[in-house]
Each structure stands twice: as C-alpha cells, then as structure tokens.
Amino acid sequence: MSRSVRTRPEGSGQALSEAYDTALLDLDGVVYAGGEAIVHAVDSLATARAGGMHLAYVTNNALRTPDTVAAHLTELGIPTDAGDVITSAQAVARLISEQVPQGARVLVIGGEGLRVALGERGLVPVESADDDPVAVAQGYGGPDFPWGRFGEASYAIARGVPWFASNTDLTIPSGRGIAPGNGAAVEVVRIATGAEPQVAGKPLPPMHRETILRTGAERPLVVGDRLDTDIEGAFNGGVDSLLVLTGVTDGAQLLAAPPQHRPTYVDADLRGMLTGQPEVTAAEGDGGFRCGGWTAAADGGALALDGGGAALDGLRALCAAAWTTAGDGVCALDGAKALARLGL
C-alpha cells in the first residue's frame, strides 16, 4: 500500500474521542506503569467511554489472559470486559490455527495466556518436544521462566517443527525498571537453532487483523507509547495514531523517527484523547514551522526553536522541522538544545 511520507503531526478540530469510533490502547506505559494507573488515565478513559468511544486494550504481553487483564483494569477503576482485551497470544494462536489441523498439538513456551488462547482455537498445548507437536508457540513467560523451556523449543525446531512467536519486544517494563522481554527470549532460541519464527504481535499485520476482527472498529485510533510497536503497527495497518509521552519514547527519539514511526498526533497523556489537536503550519519568511507560540526550523546542523508557550506545541513544531528535513529518512540534526528549552 502506497503512503505519503508524514512530515508533521496533524491537527484535529474535533476531540479525538469524537473523531474516532474506537481507541486501540496499549497498556504498559499508556494506561498503567508497574501495575498502577498512570495519572489522568482513569478519568480520561471514563470520559471517552461516556462520550460513546469504544475502548479496547491491545497488548503484546502474552503472559496474562484477557480475563486477568480485564480484572486488573477494573480494579484500577477502568471497568473492562475480557472481550475488550486483545493479546498477542490470541493473534499468534489464530496464525497457528490457520496453518495446522484442528486439534493439533502445539508446544507451549510461555505462560497461561498463551495456553488459553491456543485452547480457544481448538489446539492442544503440550510441554515437551517429545509430545509430537506440529508447531512451537513462544510467548513471554514471566521473570522466573525456567531456562529449560528454551531447550524444549530448540529440540522441536531442530526436528523441523515450525516456530511461532507472539511478539519480539526486546524489553518489558516492570515495577523495578526495564526487564528482558519475549524478544530477548526469542533471540536465545534463534541463536540455538538458526531458525526464524513467524511473529504475530505489534507492529506486524496479524496483530492488527486480530484487533479489527475482535473490535469491529471502522475508524480506529491506535494509542501507544512505543514508536517501534504501537506507532509502526498503526502505520502498517493504515490507521491513525496518538503517541503519549507517559512511557518509553522521549523527545529525541520522536524527532529522529523514520516515516513508519511518526505518529499522527502527539500529546502528554491520555487527556489528549479528549481534546482537539493544534495545527502545525508553515511559518512565514525564512521557512520553518509554527505551532502555538513556537516556531521551529533547521539551522545549520541543529534544530532551532523560537517563541514560547506550551511545551507540547514546541515539540510538535520541532517534529515538523525534523521530519521535513529527514524526508523518508532519519533526521540527523541536533535537537538537544531545542528540547532543553521545552524541558523535554
């Protein structure tokens, strides 16, 4: 599918919760962090829901079942049904079910979420490479996952059994900081076998397809904190996205984003769903871009910022200057001084 290269964040005269029928929300770094709700998340989601927006929660974490995730969200004050939770375990289970017979045995290298998702597709989870599996399904198994499970995966794959992974996120946030994610575990098996898995999770199409099939969204808005999963997943699915700055992405990463990592909108947190978005316009005179009271432009080997006002408007203007300069590449201009002016 041909796409024009995004060179600036877009504006919206409507609140995003009115302009889109469904929010496809990432969880870690967007709704909660370390298991606790992020500031403004509970109230913002309640307001969006009351206004008629459908809320769905889309996570690459295959460890927990939708029931468990829904119960956690409800405890945080975000009433959620299990049917509104879509996981990469569900996406990989569908992918496997389309390639193996009904009732086939699948070697599970992961947690309960993966076992339940496979069972829902009529597949039989097994624990050993000697149980004659026809596929290997690998998903995040938690911080105490036994090392020997990677050996079982490697034995089966070496015998020619096809390998599937729920996702390849190298890291996962925890209450104590950033920990190795399923992608790190996938690398262990890749090194041992030399094989490559079929991957289902964000940012790849199987996850987006699973989400649309389960939500029925006609005009969805992806809301996330990661450029390489949430925003790229929206790009690959051909839908709009909102980046919130409550998770892993910082200003420097945003300015250096290649086309597939450039969000439609940028805001501080989930309150951005409830408002319109300011326009970024071409500045008069020597060029550059204006948003609110700020003007940003390329100046030699750096990004320059003049004016004042809301920091987010300055960041939006800087994005336009950086992305326009980069075109379909990555901006190499130094934005550190400009970002420092904004406190970002």
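On one side of helix α8, Pro205 and Leu213 are exposed. I start there, and I should say at once that this is a predicted model.

Now the other side of the helix. α8 spans residues 205–215, and its buried residues are Pro206, Met207, Glu210, Thr211 and Thr215. Looking down the axis of α8, these buried residues stay within an arc of 150°, so they line one face of the helix. What lies over them? The cover on the buried residues of α8 includes the strands β1 (22–25), β4 (54–59), β5 (85–87) and β12 (198–199), along with helix α4 (88–97). After the helix comes Gly216, which has a positive phi, near 70°.

My second topic is the aromatic rings. How many aromatic pairs does the structure hold? There are three. One of them is Phe145 with Phe150: the ring centres are 5.7 Å apart and the planes stand at 50°, so this pair is tilted. Phe150 also pairs with Trp147, with centres 5.4 Å apart and planes at 90°, so that pair is edge-to-face. Together, Phe145, Trp147 and Phe150 make up one aromatic cluster.

Which members of the cluster are buried, and which are exposed? Phe145 has a relative accessible area of 19%, and because the buried class ends at 20%, Phe145 is buried. Phe150 is at 11% relative accessibility and counts as buried. Trp147, at 64%, counts as exposed. The edge-to-face pair therefore joins an exposed Trp147 to a buried Phe150, while the tilted pair has Phe145 and Phe150, both buried.

That is what I have on α8 and the rings.

Conventions: Residues are numbered from 1 along each chain as its sequence is written. This is a predicted model: local features need pLDDT of at least 70, side-chain atom pairs count only at pLDDT 80 or more; totals for chains, interfaces and linings use all residues. Side-chain values use heavy atoms; hydrogens and water are left out. Buried means under 20% relative accessible area, exposed over 50%, partly exposed in between (1.4 Å probe, protein chains only). Helices (H or I, at least four residues) and strands (E, at least two) are DSSP runs, numbered from the N terminus. The arc is that of the directions from the helix axis to the C-beta atoms. Contact means heavy atoms within 4.5 Å. Rings of Phe, Tyr and Trp (its six-membered ring) pair if their centres lie within 6.5 Å; planes under 30 degrees apart count as stacked, over 60 as edge-to-face and the rest as tilted.
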